[in-house]
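Hi,

Here is the structure I promised to pass on. Have a look, and my notes follow below.

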Amino acid sequence: MKPSDAREFFRKTFGADPDAIGSAPGRVNLIGEHTDYNGGQVLPIAIDRRTYVAIRARPEASASKIVSSLESTVAEFDVENIAASGNWWDYITGVCSALTAEGVRLPQFEAVVQSDVPTGSGLSSSAALELSAAITLAQIADEPIDLKKMALLAWRVETQFVGVACGVMDQFASALCRDGHALHLWCDTLETEHVAMSEAVLIFDTASPRSLRASEFNKRRAECEEALLLLRASNPALANLAEADPEMIRRAHLPATLEKRALHVAQENRRVEAVVQQLKRSHTLRGELLYESHESLRDKYECSTPELDWFVEQARKKRGITGARLTGAGWGGCAIAVGAREALDALAHEITPAYEQQFHHKPRSWLTSASRGASIEATTK
Ligand code: GLA
């Protein structure tokens with residue numbers, strides 16, 4: 001998909017040219033799972049699939065309108081009077097409301113949305129929609145675009161307006177990633193660095209139900225908060241759970257479940273650092289750490305599924321694959337494998353029929369590499 005496709009779609013829908021076109025990508029996380037809301041580090045890349053938003057200001061109109069190529073319902077609302085509706089356009093109206101709260105004066109507008117970011121797979125299609133809308137709306141309102149601010153604004157939309165309790169990783173990845181680089185993000189200070197990463201990544205969507213995801217995710221967050229409170233009883237200076245030393249956790253004799261959760265978070269945080277060091281040295285990922293991460297998510301964080309475990313086992317057996325793990329929240333969704341491009345391609349082809357036979361879901365897979373974050377693609381100003 002290209003900016004010209006969004007322009008064409010806009011012309012067909014509204015019979016005119018847009019004032020601005022912006023886009024933002026989905027993401028996969030290479031390592032650092034369930035660390036973001038624990039003040040830890042993450043290492044996502046943007047994928048080569050993007051959401052495009054094309055917008056024309058209509059200051060004289062009394063309402064705004066958004067048409068999406070993915071949805072049959074058209075959004076119509078007054079930009080000066082926004083309320084959450086439970087519909088797909090809340091991601092965009094939420095952005096309007098957050099921009100207005102920051103003092104940005106938004107005109108009524110017409111917009112189209114076009115995307116090839118897979119939805120419902122855990123690849124952050126919602127962050128891609130929020131970010132592409134945020135930068136394009138800022139552009140038509142003549143506001144300077146600070147991508148870090150935009151990432152935080154989009155995160156507030158997701159957590160407060162739409163009401164999904166996620167950490168900051170997805171919006172930061174969609175906003176700030178760079179071509180050929182992974183984004184090393186410290187979620188406590190929001191500092192970032194771009195680490196060169198040239199390897200291809202296979203994304204395997206298990207297409208299995210993610211129904212447990214929201215309730216289990218919230219449960220894990222609560223468990224982590226409880227573990228932190230208990231650890232602070234003997235370590236008052238502990239800033240967050242990711243910073244805890246694994247030895248400190250073992251000495252604290254936490255209830256067994258909380259000890260497992262805390263150990264995963266603390267050790268996963270250290271794995272991010274080790275992978276970053278390795279990437280800096282060789283521009284390749286250390287696969288063993290990816291497998292360790294998967295095992296920890298399976299056994300300590302208990303967010304894997306038989307489908308995700310199966311994929312990782314298959315990947316481990318193939319020559320040319322250097323590492324694999326579940327990615328994103330877990331409880332269904334996607335796994336990744338890294339290694340030689342041909343080996344990744346062959347893996348996807350070889351395992352798809354066997355997967356279908358065993359699990360009775362049709363998986364999807366994409367070969368990607370580290371891509372660029374949100375950007376304005378075209379503007380008349
Ligand atoms: C989901 C959330 C992220 C992060 C991951 C787990 O994808 O949206 O913020 O917490 O789960 O690492």
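Leaving out residues up to four places away in sequence, which residues does T35 touch? They are G40, Q41, V42, V265, E268 and N269, where contact means heavy atoms within 4.5 Å. Before the rest, the small print: this is a predicted model, so local features need pLDDT of at least 70 and side-chain atom pairs count only at 80 or more, while totals for chains, interfaces and linings use all residues. Numbering runs from 1 along each chain as its sequence is written, and side-chain values use heavy atoms, with hydrogens and water left out.

Back to T35: you'll find it in the loop between β1 (20–29) and β2 (41–42) (strands are DSSP E runs of at least two residues, helices H or I runs of at least four, numbered from the N terminus). T35 counts as buried because its relative accessibility is 0% (the cut-off is under 20%, with a 1.4 Å probe and protein chains only). A polar atom of the T35 side chain sits 3.0 Å from the backbone oxygen of G32.

Then there's the largest pocket (an open set of 1 Å grid points where a 1.4 Å probe fits, with protein on both sides within 12 Å along at least five of seven lines; lining residues have an atom within 4 Å of a point). Its lining has 44 residues, with S124, S125, S126, E158 and R213 nearest the centre. Of the elements, α6 gives the most to that lining, 4 residues. The pocket lies between domain 1 (3–196 + 370–379) and domain 2 (201–368), because both give residues to the lining; the bounds come from an automatic or database domain assignment.

Cheers

Terms used:
Buried means under 20% relative accessible area, exposed over 50%, partly exposed in between (1.4 Å probe, protein chains only). A polar contact is a pair of N or O atoms within 3.5 Å; within protein, one must be able to donate a hydrogen and the other to accept it, and residues adjacent in sequence count only if both atoms are side-chain atoms.
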